[in-house]
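Work through the exercises below with the sequence and model open. Each task is followed by a stepwise solution.

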Amino acid sequence: MLIKVCGMRDPENIQSLIQEVNPDWMGLIFYSKSSRYVSGDFADSIKITDVPKVGVFVNEPIEFVLNKMEEFNLSVVQLHGEESPEYVRELKLKTGKKLWKVISVGESIDWETLRDYVGLIEYFLFDTATTQHGGSGKRFNWEVLEKYPFEKGFILSGGLDEESASEILALAGKMPQLAGVDLNSKFEDAPGLKNIEKLKRFKGKIIA
Ligand SMILES: O=C(O)c1ccccc1NCC(=O)[C@H](O)[C@H](O)COP(=O)(O)O
């Protein structure tokens, strides 16, 4: 089970995360309305950190994404808005990097609307629908995923906490497409500041 820790920005907290948790990815949020927004002030120290970095974007112009990829040395782009398959195709052509498409989950999902993304992305990321786009701290009803019709891997997100570990493992037992989890607000002491002990405990439960 792969682990992404999202909403990082504090250089000391990032160093502790890398040394003590060693996640598969660290997420940086480039959505200016988020309380976890990463400004350019942090770029020099974050750019050189030794962990794959996922940039989180909400309906941004492609040029903005390209600039942040360069500025922060991003390995993955997570598209957290209403970006169309055409937008994703263009971004893929221009960057050649791995792209994740977020699907905001409410009561149900119209799976056909996801089909055009399948050949373009590395993973879908399923997150709880919210007017703030992300970071709600709320779980969606995972039963919605039971009819997931693709082989494409996905990342589970939305309000995951320490107590979610056993249910995540049970879901992974039923769904081999579940490649990883995305951890955020339930592991924070303050927006953008993660509790390293909580993350370590969670990792201990989820990684055999
Ligand atoms: O976390 C935010 O503030 C945020 C705001 C706007 C768009 C995306 C955002 N977060 C991106 C993520 O991938 C989060 O980890 C995901 O939404 C889950 O967050 P949480 O429900 O707090 O676990």
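**Exercise 1.** Classify N59 as buried or exposed, then describe its place and backbone.

*Solution.* Step 1: count neighbours. N59 has 12 C-beta neighbours inside 10 Å, so N59 counts as exposed. The classes are these: buried means 20 or more other C-beta atoms within 10 Å of the residue's own, exposed means 12 or fewer, and partly exposed lies in between, with C-beta atoms placed from the backbone. Step 2: locate the residue. N59 sits in the loop between β3 (53-57) and α3. Helices (H or I, at least four residues) and strands (E, at least two) are DSSP runs, numbered from the N terminus. Step 3: check the backbone. The phi of N59 is positive, about 50°, although N59 is not a glycine.

This is a predicted model: local features need pLDDT of at least 70, side-chain atom pairs count only at pLDDT 80 or more, and totals for chains, interfaces and linings use all residues. Residues are numbered from 1 along each chain as its sequence is written.

**Exercise 2.** Do the same for H133: is this residue buried or exposed?

*Solution.* Step 1: H133 has 20 other C-beta atoms within 10 Å, so H133 is buried. Step 2: H133 belongs to the loop between β6 and β7. Step 3: H133 is not a glycine, yet its phi is positive, about 80°.

**Exercise 3.** Place S166 and E151, and give one C-alpha separation for each.

*Solution.* Step 1: S166 is in helix α5 (residues 165-174). S166 has 10 other C-beta atoms within 10 Å and is therefore exposed. Its C-alpha atom is 28 Å from that of D110, and the two residues are 56 residues apart along the chain. Step 2: E151 is in the loop between β6 and β7 (154-156). E151 has 8 C-beta neighbours inside 10 Å, so E151 counts as exposed. The C-alpha atoms of E151 and L193 are separated by 35 Å, with their positions 42 residues apart along the chain.

**Exercise 4.** Describe how α3 packs on α4.

*Solution.* Step 1: geometry. α3 (residues 62-72) and α4 (residues 85-95) pack at about 35°, and their axes are 11 Å apart. Axes are lines fitted to C-alpha atoms, for helices over the stretch in contact; angles run from 0 to 180 degrees between N-to-C directions. Step 2: residues. I62, V65, L66 and M69 of α3 meet E90, L91, K94 and T95 of α4. Contact means C-beta atoms, placed from the backbone, within 7 Å. Step 3: classes. This contact has five nonpolar, one polar and two charged residues. Ala, Val, Leu, Ile, Met, Phe, Trp, Tyr, Cys and Pro count as nonpolar, Asp, Glu, Lys and Arg as charged, and the others, Gly among them, as polar.

**Exercise 5.** Which residues come nearest to the ligand?

*Solution.* Step 1: of the 27 residues around the ligand, C6, G134, G135, N184 and S185 come nearest. A residue is near if its C-beta atom, placed from the backbone, lies within 6 Å of the molecule. Step 2: β2 (25-29) and β6 (123-128) each give two or more residues to this shell. Step 3: the shell has six nonpolar, 17 polar and four charged residues.

**Exercise 6.** Summarise the fold in numbers.

*Solution.* Step 1: the protein chain has six helices and 10 strands. Step 2: 36% of its 208 residues count as buried. Step 3: its C-alpha trace spans about 40 × 40 × 30 Å along the principal axes.

Key. Two residues are in contact if their C-beta atoms, placed from the backbone, lie within 7 Å.
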